[in-house]
Amino acid sequence: MFKKSMSMLLACAMCITMLASCGKKAASEQASKTEPNSVPAQSTSQPKDKPAEKADATKLVIDKAGDYTAEKGVKDVEIKADGVKLSKSTGLNSVTIGKEVGAGSVTLDGVEAKSILIKGGGKNSIHILGSKFEEAILEQMNALTRIVSDARSTIGEMQANSPAILEIEGTVKSLIMGKDAKDSTIDVKEGATLTNLMLNALTTVNTSANIATVSVFASAVGCTITVTAGATVATLATETKMELKGKGRIAAAITQNRANLTGTLKAGTVTVNETPVLTTGMPNTAGGTATGTPTVKPITPVTPPVTPPADTAPDEKADKTKLGDMLKVAAKDAAKVGTIWVQAESKYEAKADQHYVTKAQVDAYAEAVKAAQAIFDDTKVTQKQVDDARASLISAGEVFMAAGQSQV
């Protein structure tokens, strides 16, 4: 009887132990379901087979090599590692290739964004494949960066503010080489589309495709442009000496001095103009002569603002409509530069656009306006006098505005 009782007690004890164990396990599982997840280690990115961690749901930061695609809702992508490929990512606001990439490589395939900022990369670095950007800016100050844009890619405006090797196979509407992009090279491949090219620094250009306009500023002295057979530069405007080569064609050139155009390739026509490049960076196709350059002679200083002419009927002998319109433009130009002139360090500051010009430049422009106004008011002038006054005013206005821009 005693043994039977002991057996029953042991069996009960075992049952109690098992029930306790099951209770603890259930409690542990329930706790794991209800306890908040701990914050994972802050790795800002993972390869494609592992979802990237994002501190901000609209921003993807990539700091490890691998293939990536921006998820829906991501608007900004920052690449901070060598060996990254970003694919099939559209509707983005910006893509930034950070300085952390160093001299490494990054590939963008099927990426569409409003802007791309390139701060990293080396000689074999940035590959743009089948991608679209409204704006692209290069600011890699410590290295020469190579950027290849394939035939399927489109860039609205591209600006290089550091030395670059640019290979263009697709479409670039405007390409601006900044003053810090010295010793850059540009290779425009056959079949590419480059509409406007502006050079502010020494650059070597080779084009096998047509270019609508090329503007070479004074700071880009020594540039070389080679136009291969079958390619045409429609209009070249240069403020400095440069070399032209190749078996292609330069339809028209504008410069202050014919001696600026050196080399074996000759332009179809050459126009001599005191201001070959406008402040907008476009060639100045208005005015100019093949034998000399227009000048503005300051007489009595006149201080802006300029008052636009009243709307009066032109005299019977000459049509002054266009001259009157230019006088109104001159008034707007003066307003852009400012109506309150404050002397500071021998210069005059215009508060409107923060442009700096000397008083002599202000007086020269005002005098040109005064001379044009006198022609407009004179009822006995000839049509040639009216046309010459308009041309001189255009030239004076461009010189004045360029002076303000160049001294900012």
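Confidence first: this is a predicted model, and its mean pLDDT is 77, with 67% of the residues at 70 or more. The chain folds into four helices and 24 strands, and 42% of its 408 residues count as buried. Two stretches with low pLDDT come up next, followed by the cores, the salt bridges and a few single residues.

**Where the confidence drops**

- Over residues 1-13 the pLDDT stays under 50, and the model gives this stretch zero contacts beyond four places in sequence.
- Residues 289-308 also have a pLDDT below 50, but here the model does show 41 contacts beyond near neighbours in sequence.

**The chain as a whole**

- About 21500 Å² of the chain is exposed, and carbon and sulfur atoms supply 55% of that area.
- Take the contacts with a separation of 6 or more: 22% of them are between residues 24 or more positions apart.

**Nonpolar cores**

- As a general backdrop, nonpolar side chains tend to be buried together in soluble globular proteins.
- In this chain, the largest nonpolar core has 62 residues.
- Val77, Leu108, Leu175, Ile186, Leu199 and Leu236 have the most contacts inside that core.
- Which strand gives the most to this core? That would be β5, residues 106-118, with six residues.
- Leu175 is a handy place to start looking around: leaving out residues up to four places away in sequence, Leu175 touches Met158, Leu166, Ile168, Ile186, Leu194, Asn196, Leu197 and Met198.
- Another core, of 17 residues, lies apart from the largest one, and its members include Ala318, Ala372, Val381 and Val386.

**Salt bridges**

- How many salt bridges does a search of the whole structure find? The count is six, and three of the pairs are described here.
- Arg146 and Glu167 pair up through their side chains, with N to O at 3.0 Å.
- Arg146 sits in strand β8 (residues 145-149) and Glu167 in strand β10 (residues 164-168), so this salt bridge ties together parts that are 21 residues apart in sequence.
- Are Arg146 and Glu167 buried or exposed? Both are buried.
- Asp150 and Arg152 make another salt bridge, at 3.2 Å from N to O.
- The two ends of that pair sit in contrasting surroundings: Asp150 counts as buried because its relative accessibility is 11%, under the 20% cut-off, whereas Arg152 counts as exposed because its value of 54% is over the 50% cut-off.
- Lys384 bridges to Asp388, and their closest N and O atoms are 2.8 Å apart.
- Both Lys384 and Asp388 belong to helix α4 (residues 383-406), where they are four residues apart, or about one turn of the helix.
- Lys384 is exposed, with a relative accessible area of 58%, while Asp388 counts as partly exposed at 38%.

**Thr145, a residue with no exposed surface to speak of**

- Thr145 is part of strand β8, and at 0% relative accessibility it counts as buried.
- Where does its side chain reach? The side chain of Thr145 gets to the backbone oxygen of Gly121, at 3.4 Å.
- Setting aside residues up to four places away in sequence, Thr145 touches Gly120, Gly121, Gly122, Ser125, Ile126, Leu138, Gln140, Pro163, Ala164 and Ile165.

**Positive phi outside glycine**

- Lys88 is not a glycine, yet its phi is positive, at about 45°.
- Lys88 lies in strand β4 (residues 84-97) and is exposed, with a relative accessible area of 70%.
- Asp183 also has a positive phi without being a glycine, in this case about 70°.
- Where is Asp183? Its place is the loop between β11 (171-177) and β12 (184-188).
- With a relative accessibility of 53%, Asp183 counts as exposed.

Note on methods:
Residues numbered from 1 in each chain as written. Predicted model: local features only at pLDDT ≥ 70, side-chain atom pairs only at ≥ 80, totals over all residues. Heavy atoms only, no water. Helix = DSSP H or I, 4+ residues; strand = E, 2+ residues; numbered from the N terminus. Buried < 20%, exposed > 50% of the residue type's maximum accessible area, 1.4 Å probe, protein only. Contact = heavy atoms within 4.5 Å. Areas by Shrake-Rupley, 256 points an atom, 1.4 Å probe, with all protein chains shown as cover. pLDDT = per-residue confidence, 0-100. Core = buried A, V, L, I, M, F, W, Y, C linked by side-chain atoms within 4.5 Å. Salt bridge = Lys/Arg side-chain N within 4 Å of Asp/Glu carboxyl O. Polar contact = N/O pair within 3.5 Å; in protein donor to acceptor, adjacent residues only side chain to side chain.
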